[in-house]
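Me: I'm new to reading protein structures. Could you walk me through one?

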Amino acid sequence: MSAQAATSRGIRLWRAVALPLVLLAAWEASSHSGLVDPHLLPPLEDVVARAWNEGRNGDLLTALSASLGRDLAGFVLGAAAGTAAGLLLGFSRFAENLLGPTLRVHRQIALFAWVPLIAVWFGAGEPGKIAFIALAAFQPGLINIWRGVQEIPQRYRELAAVLTFGRLDFLRFVAIPAMLPAIFTGLKAALIYAWQATIGAELFMTIAPGIGGVMMQGRQLFQMDLVLLTILLLGLVGAGFNTLAGLSETLLLRRRLS
Amino acid sequence: MTDLHLANHLHAIDIASLATEEPTAAPGNTVLSLSQVSKTFHVAGRAVEALSDISLDIAEGEFVSIVGASGCGKSTLLRLILGLDRAYQGSILLDGKPIRKPGLDRGIVFQEHRLLPWLSVEANVAVALRRSKFSPRQKRDTVRSHLELVGLEKFAEAYPAQLSGGMQQRVAIARALVNRPPFLLLDEPLGALDALTRLRLQDELKRIVRHEGITAVLVTHDVDEAVYLGDRIVIMQPHPGRIAGILPVGLPANRNRSDAAFLRLRDHVLGQLGVGHEPAAAIRAAE
């Protein structure tokens, strides 16, 4: 049984990496065969060499930590505001009536449409970038937690009523545990949105140290190896966030078997 | 066709005579009194009468079974007694005072266990003591003793999902009793369990209720269960939900399910619910 499970896991791993391997092979083949101009698509080893160099002189690490710091600041601000707003809208009928419709319309406006406004209000420098990232993290936090409150099962609300729970006991024993999956979904989405917005802010607002800045630099100097390197890095960081969020979710929710 | 009419006719007489024969008054000291309770739901703009003119007195220490088909409003009635729903006509008095909201004087076991999946068995019972004035030590002790009462002291650390359906419902019973309420309300508590577990838990319930000496109201659609557990049986019929008859059981506390008197009573209740052999037997007797 365990052998079977092991094989199927091995097979699954192979299937997962099959497409990336094929793409890498195609990449290598096309840049070496002269089919594609190596200036447009430098071979893989050039990108690896570039990574090695950039990594050694510390530039890439500086850029990465600048991006991550910005991302974290925006995420914390946006997710906290989104969570607070979601709780307010979920628990207060008055707040929902007052703010709900506006926030639903706000959701329909493309995120990047706010860039000009934010750039004028907060400046295109660091505060503007962080405000934009926070805005990106705000919506998924808000929507998921708002829905999470609405979806607290009626049977548990009744149980709390029957046990004559006060507001705090209701939050502690019923509402928050019942909402944890929704909170996680919201925070996970906020994390991903914030990371995307970080790169967006670095590309569309003023140049500043960061991965987006490195990417722009690569484009302007026509160094496609650098551009490709930053794209790979973005994917890796995003995947890292996802894994981290998934792990903490399983750790915290492992007891909820039913 | 005519047989059916005759049956219905006889049936109506039967119910009418019972209603006059058996008054709604409880035999002892009345602790819960419902009089002329009616409840109307509004579904899609239409008024649906869920309960109509329900009058019932329940005595201290009594075990009352309310039996009826689904839709007869028996669970709605429990919600009113619980204080979860205050939109009704008539009066419901608990110890002479109208019920305004849920209180710890009424423990409830729902059909689904409603245990909180994120709390251990022990914590699920202890959570009912949040409003209790006990010291932490007293709380621990009373949770312990109630887990022992339902035979689950060894599973205190387990989580609800790790238990069988019967065990989950035992935890729910312990939770309902941990505040030592004078009243235990049971809303089809065994309805979702398999037949064998249900029989076993009926005995458990009987033992526990007697042990605690509390007043119990059981809502069920299982006639056998109603007769087995109840001191009195309230028979309800739907559209609108109303009391069709109240029967004293008058059987010894240790009932035998295959006893002739038990079976007679069960068939009688089934007859009043419009199923079983009672109407047919009545027709034969009339002929």
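Here is a chat about how to read its strands, helices, contacts and cores.

Me: What should I know before I start?

Reply: This is a predicted model, where local features need pLDDT of at least 70 and side-chain atom pairs count only at pLDDT 80 or more, while totals for chains, interfaces and linings use all residues. Residues are numbered from 1 along each chain as its sequence is written, and chains are lettered from A and ligands numbered from 1 in the order in which they are written.

Me: How many helices and strands are in chain B?

Reply: Helices (H or I, at least four residues) and strands (E, at least two) are DSSP runs, numbered from the N terminus. Chain B has 9 helices and 10 strands.

Me: In what order do the 6 strands of the open sheet in chain B come?

Reply: Two strands pair if DSSP finds at least two bridges between them. Here the order is S6-S7-S8-S3-S9-S10 in chain B, with mixed pairing. S6 and S10 (242-248) of chain B are at the edges with a single partner strand each, so one side of each has no neighbour in the sheet. On average, neighbouring strands here are turned by 15° against each other, direction ignored.

Me: Which pairs can I look up in it?

Reply: Try S6 (residues 106-109) of chain B, which runs parallel to S7 (residues 183-187) of chain B and is joined to it by 4 bridges. Gly107(B) has Leu184(B) as its bridge partner in S7(B). Then find S3 (residues 63-68) and S9 (residues 232-237) of chain B, parallel and joined by 5 bridges; Ser65(B) stands opposite Ile233(B) there.

Me: Are the faces of S6(B) covered or open?

Reply: A residue is buried if 20 or more other C-beta atoms lie within 10 Å of its own, exposed if 12 or fewer, and partly exposed in between, with C-beta atoms placed from the backbone. Both faces of S6(B) are covered: Arg106(B) and Ile108(B) on one side are buried, and so are Gly107(B) and Val109(B) on the other. Of the 287 residues of chain B, 39% count as buried.

Me: What about the sheet of 4 strands?

Reply: That open sheet in chain B has the order S2-S1-S4-S5 and antiparallel pairing. Its edge strands are S2 (46-59) and S5 (97-98) of chain B, each pairing on one side only. S4 (residues 89-94) of chain B is joined to S5(B) by 2 bridges, and Leu94(B) has Lys97(B) as its bridge partner.

Me: How do H2(A) and H10(A) pack?

Reply: Axes are lines fitted to C-alpha atoms, for helices over the stretch in contact, and angles run from 0 to 180 degrees between N-to-C directions. H2 (residues 44-57) and H10 (residues 224-253) of chain A pack at about 75°, with axes 9 Å apart. That makes them roughly perpendicular, a label for 65 to 115 degrees.

Me: How many residues of chain B touch chain A?

Reply: Two residues are in contact if their C-beta atoms, placed from the backbone, lie within 7 Å. By that rule, 18 residues of chain B are in contact with 17 residues of chain A.

Me: Where is the largest nonpolar core?

Reply: A nonpolar core is a set of buried Ala, Val, Leu, Ile, Met, Phe, Trp, Tyr and Cys residues joined through C-beta atoms within 7 Å. The largest has 116 residues, and those with the most contacts inside it include Ile133(A) and Val217(B). Its largest share, 16 residues, comes from H8 (residues 167-204) of chain A.

Methods. Angles under 35 degrees count as roughly parallel, over 145 as roughly antiparallel, 65 to 115 as roughly perpendicular and the rest as oblique.
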